[in-house]
Amino acid sequence: MCGITGVWSGFGFPDHADLAQRLTAMAGTLRHRGPDASGVWADETVGLGHTRLAIIDLTAAAHQPMSALTGDIHIVFNGEIYNFRELRSQLIGLGHRFRSRSDTEVILNGYCQWGVAVLDRLRGMFAIGLWDAARRRLLLARDRVGKKPLYYGWLDDRLLFGSEIKAILAWPDMPRVPNYEALHHYLSFRYVPNDLTAFKGIYKLQPAHYLTVEADGSTRTQQYWSLPRPVRTPVRNVDDVKEELVERLDEAVRIRLVSDVPVGAFLSGGVDSASVVASMARVASGRIRTFTVGFTEASVDERADARLVAERYGTDHSDFVVDPQVVDVLPKIVWHYGEPFADPVAIPSYYLSEIARRHVTVALNGDGGDESFFGYRRHAGARIGGWLDRLPLAIRKQIAALGRRLPLDNAVRGFPVQLRQFMRSADQTRAERYGNWVTYFSDDLKEELYGDAMRDCLPQRSVALLEGWFANGASHEDCAAWADIHTFLPDDLLVRIDIAAMAHGLEGRSPFLDHEFMTFAASLPASQKMSGIRTKSLLRSAMEPRLPRKLLYGPKRGFPMPLRGTLAQLGEMVHDVLLSSAADTRGLFRRERVQRLLADHYNGTRIRAHEIWALLMLELWFTTWIDGTAAVEQRHSEPRLDICA
């Protein structure tokens, strides 16, 4: 016997009332009670569920689940297809009829025409669940870059799938068992990587992959697209490259403005979101709405830089100082993300989405610019590492030994600390050096902290998950960006904004993540994207006619979060949670080691803000999703948001 059950959540629920009932009501069952002697499947029931955030075609004709006119193909879909009008025209020319103006029906008829190959024609973001009754086949598919999430897991003879883990967990009798391997890697990266989730038996479908389940229960997962691997490419005429870059960005922005609801943009003090707004000003009709959040802490407040762009293009701009009541909002964050997620920028992203949703339903953002154009310090660090590797290994070992003898205290910060890190990594592999930049719990710290429940995970080095992205002859910085695109981007950055936005019924769109634009960027040589160790030099240069130099060549911005101040605000709550009897009972960490880590941080001996935040979010996740004290049925009161316009 084989059965398939679909649980689909089209977007987050801003109203939590009766959530368990709503999720369960969305559940559909597709079960076969076995083939008869002739091989014909009998007693079939089909059901799929969906909750829709309407963007294109707001009429009932576009509602989901949607069935083909033939009645044998059914679809639920989360996302947007930006070239749906062109595909619709093609399909009409091939004889297909349409009942709506929606992109959902384009996917449906496209599958009828081209089968799974329809995925190759879609330009956009999507998570798709499609039941082909004629072939007795379930198809699950995720977009190329991973903008939209898709989770699945087996429960006995049923396959459960959803765009949120909460949808799967709402299914009766679905066990909630922590996946310690996933949690081990979470502590390294601040997110759960690859196809793992924090729940044993539940997985993520990887970007650019589809999964099929046949009538006999057999499954197959296949990759349908890949970004061209980084190679050493010839240098092109820089003026031609810059002209093509801005033209392609304008086009990626233009197709993302298609909407039957209001569209705006997130605007930080950084180059990427400012570039998107500059393009919107050229290709959009009407005045643009832009949104920025800031903090009272000057070092992370970006409102002044954002206003430079807003004033240049005359946008209808709203900026806000947020005084986040973190104690109140943390349960919301933990609930919405469904997994332990310790990127602190989730909090300002959540508030920014809440503010933007009061005025628009779609917001463009600058996500992806750093990954394609070498915008992180680790990309500059990778280039320096490449220079370092030209030295004989014996010399590099001596440099590393000297670096390891330097003190670890916080008396000296900034460049000296970075220099010490480079010295210590002199004899490491490219992947290990990169791992120094993107991991937060070292193997030594894990060895010190882990209790009995986690000690079996110690042999699994998280850096091993990165090594495959460095196994080619491209430059060090190309490999670092390649690793970002396949790890940090889909599992952290895109999760952060998708969950934060969908929690408020807001759709985020990312022009830099257009797969055709990314393919163009991947074709450019590393030497042109980054000049020396100046990050994102090509993009900055290309945008000089459009953006203020102060913004282009100022420090990197991107909706930061003052984490140390936040932990100070939480005060005793951190100790109460991490040293609770419930935390002790889990056996994840040794209590005395956690106490020492907290003491070192709060007395200033060694700053451990990111590590403490990760431990806090993990324990709150256990309390919410494993212990049952705050399960799916819990109704959270709305956190208070203090805003000063």
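**Exercise 1. In this predicted model, determine how strand S10 is joined to S11, and which residue of S11 stands opposite threonine 212.**

Solution. Strand S10, which covers residues 209-213, runs antiparallel to S11, and five bridges join the two strands. Within this pairing, the residue of S11 that stands opposite threonine 212 is arginine 220.

**Exercise 2. Place S10 and S11 in their sheet, and work out which strands stand at its edges and why one side of each is left without a neighbour.**

Solution. The sheet is open and has six strands, in the order S3-S4-S5-S6-S10-S11, and the pairing is antiparallel. Strand S3 (66-67) and strand S11 (219-223) each have a single partner strand, so they stand at the edges, and one side of each is left without a neighbour in the sheet. The next step is to ask what lies across these strands: helix H3, formed by residues 103-114, lies across S3, S4 (73-81), S5 (124-132) and S6 (137-142), and runs at about 130° to S4.

**Exercise 3. Describe the packing of helix H11 against helix H19, giving the angle, the distance between the axes and the residues of the contact.**

Solution. Two packed helices are described by the angle between their axes and by the distance between those axes. For H11 (residues 346-357) and H19 (residues 488-502), the angle is about 35° and the axes are 8 Å apart. The crossing of H11 and H19 is right-handed. On the side of H11 the contact is made by Ala346, Ser349, Tyr350 and Ser353, while H19 contributes Arg496, Ile497, Ala500 and Ala501. Sorted by character, the residues of this contact divide into five nonpolar, two polar and one charged.

**Exercise 4. Examine the backbone at proline 65, phenylalanine 374 and lysine 536, and decide whether the latter two residues are buried or exposed.**

Solution. As a starting point, most residues other than glycine have a negative phi, and most peptide bonds are trans. The bond that joins glutamine 64 and proline 65 is a cis peptide bond, with omega about 0°, and proline 65 is placed in the loop between strand S2 (28-32) and S3.

Phenylalanine 374, although not a glycine, has a positive phi of about 60°; this residue lies in the loop between helix H12 (369-373) and helix H13 (377-388). Since buried means under 20% relative accessible area, phenylalanine 374 counts as buried at 1% relative accessibility.

Lysine 536, also not a glycine, has a positive phi of about 55°, and is found in the loop between helix H21 (526-529) and helix H22 (537-542). With a relative accessible area of 4%, lysine 536 is buried.

Note on methods. Residues are numbered from 1 along each chain as its sequence is written. This is a predicted model: local features need pLDDT of at least 70, side-chain atom pairs count only at pLDDT 80 or more; totals for chains, interfaces and linings use all residues. Side-chain values use heavy atoms; hydrogens and water are left out. Two strands pair if DSSP finds at least two bridges between them. Helices (H or I, at least four residues) and strands (E, at least two) are DSSP runs, numbered from the N terminus. Contact means heavy atoms within 4.5 Å. Axes are lines fitted to C-alpha atoms, for helices over the stretch in contact, and angles run from 0 to 180 degrees between N-to-C directions. A crossing is left-handed if the near helix is turned anticlockwise from the far one by less than a right angle, and right-handed if clockwise. Ala, Val, Leu, Ile, Met, Phe, Trp, Tyr, Cys and Pro count as nonpolar, Asp, Glu, Lys and Arg as charged, and the others, Gly among them, as polar. Buried means under 20% relative accessible area, exposed over 50%, partly exposed in between (1.4 Å probe, protein chains only).
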